[in-house]
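Here are my notes for you on this one. Keep the viewer open and click along as you read.

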Amino acid sequence: MAHNTPDANVYFVPSHSKWPFVASVAMLVLMVGVASWLNDTQWGRWTFCAGLAMLVFTLFLWFGDVIRESVGGQYNHQVDGSFRMGMVWFIFSEVMFFGAFFGTLFYSRNLSLPWLAGEGRGVMTNELLWNGYSQAWPTNGPGDIGGAFQTIPAWGLPLLNTLILLSSGVALTIAHHALKAGKRTQLLVWLGLTVGLGVMFLLFQAEEYMHAYGALNLTLGSGIYGSTFFMLTGFHGAHVALGTIMLIVMWFRSARGHFTRDNHFGFEAAAWYWHFVDVVWLMLFLFVYVL
């Protein structure tokens, strides 16, 4: 790690790091574990847990290096601009990530099912692939895969979780304004409230999943509806969990005085990510639960 005082005209170049390589190995182990777990191998779950532990440990140490470099005054405005551009592209990649999943939902619901039912150019599709199939949504067909199931009403826990996430976005915005005003106590209170609301969202989503599996027979194997429902809501829940961890780190950094009114991009990056998660949930609530 370099320790030179930054020059406004000199771009900071960090020393060689082993963490990108270690993170790549951890992600490989993680993905092998996921694929094996989904295919019911005995060692899949433990491989997934090992890969996840490796990745968390790697990110903890890697981000620790970055925080020490930032607190040590190694970064100038050019580096700050690079961080901002990197976060913008990262969120853009996340937009494309969820865009693919929403596209899957649209294609399955509005194109493939009508074709299978014989609409438009799907007359022969209906005759050859699934004669007599009638279009319906939500559906576990053709074939009634996974058996009969019930859907989760939009105006119960999903609505409550929507209000929770919207409230968390407001609380985070107030915390951001407190940071820019130099009011640390207000910053910690409102940021802590945001973290608490994020944890509450995750607990309610876990309760919703248990109810879906236990009482509604709505599972990942419930045809195209079950797979798209858990794919979209599950990945969003994973992003909420990641965002909550980011905000917890920001709380501790704020408590230790790492941020100033004019230099707090770490906090801003976490806030951008959290607001992105809020917007994705609004789309999920509309297209998955309501419509």
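1. Let's begin with the charged pairs. The structure holds 3 salt bridges. Keep in mind that you're looking at a predicted model, so I'll come back to how confident the predictor is.

2. Start with R68 and D65, whose side chains meet in a salt bridge with 2.6 Å from N to O. Why do these two get to face each other? R68 and D65 sit 3 residues apart in helix α2 (residues 44-71), so about one helical turn separates them. It's worth learning the general rule here: an α-helix has 3.6 residues a turn, so residues three or four places apart point the same way. As for its surroundings, R68 counts as partly exposed because its relative accessibility is 48%.

3. Now go to helix α3 (residues 77-116), where you'll find D80 and R84 placed 4 residues apart, about one turn of the helix. Their side chains also form a salt bridge, at 2.8 Å from N to O. Buried or exposed, or something in between? D80 has 23% relative accessibility, so it counts as partly exposed. R84 gets the label partly exposed too, with 27%.

4. R84 has another partner: its side chain meets that of E268 in a salt bridge, 2.8 Å from N to O. This pair ties together distant parts of the chain, with E268 in helix α8 (residues 265-290) and R84 in helix α3, 184 residues apart. E268 counts as buried, because its relative accessibility is 12%. Since partners are shared, the salt bridges join D80, R84 and E268 into one network. Try showing those three side chains together in your viewer.

5. Staying with α3, have a look at the surface. Which residues form the nonpolar patch there? They are M85, V88, W89, F92, V95, M96 and W272, and together they have about 690 Å² of accessible area. Helix α3 gives the most to this patch, with 6 residues. Take V88 as an example: you'll find V88 in helix α3, and it counts as partly exposed because its relative accessibility is 44%.

6. Back to α2 for its overall geometry. This helix has 28 residues and reaches 40 Å from its first C-alpha to its last, close to the 40 Å expected at 1.5 Å a residue. Its buried residues are G44, T47, F48, G51, L55, T58, G64 and E69. What covers them? The cover includes α1 (19-38). Just after α2 comes G73, which takes a positive phi of about 80°.

7. You can do the same check on α7 (223-255). It has 33 residues and reaches 48 Å between its first and last C-alpha, close to the 48 Å expected at 1.5 Å a residue. After α7 there's G257, whose phi is positive, near 75°.

8. Glycines aside, which residues have a positive phi? One of them is D40, at about 65°, although it is not a glycine. D40 lies in the loop between α1 and α2. With a relative accessibility of 70%, D40 counts as exposed, the cut-off being over 50%. Another is N217, which has a positive phi of about 55° and is not a glycine either. N217 belongs to the loop between α6 (184-214) and α7. N217 is partly exposed, at 33% relative accessible area.

9. Don't skip the peptide bond that joins W137 and P138. It is cis, with omega at about 5°. To find P138, look in the loop between α4 (123-129) and α5 (157-180).

10. Finally, as promised, the confidence. The protein chain averages a pLDDT of 88, and 93% of the residues score at least 70. Where does the score drop? Over residues 1-5 pLDDT stays under 50, and for this stretch the model has 8 contacts beyond four places in sequence. If you want one picture to remember, pick the network of D80, R84 and E268, with R84 in helix α3 and E268 in helix α8.

Note on methods. Residues numbered from 1 in each chain as written. Heavy atoms only, no water. Salt bridge = Lys/Arg side-chain N within 4 Å of Asp/Glu carboxyl O. Helix = DSSP H or I, 4+ residues; strand = E, 2+ residues; numbered from the N terminus. Buried < 20%, exposed > 50% of the residue type's maximum accessible area, 1.4 Å probe, protein only. pLDDT = per-residue confidence, 0-100. Contact = heavy atoms within 4.5 Å. Patch = residues over 30% accessible without salt bridge, like charges linked within 9 Å, V, L, I, M, F, W, Y side chains within 5 Å. Areas by Shrake-Rupley, 256 points an atom, 1.4 Å probe, with all protein chains shown as cover. Expected span 1.5 Å × (residues − 1).
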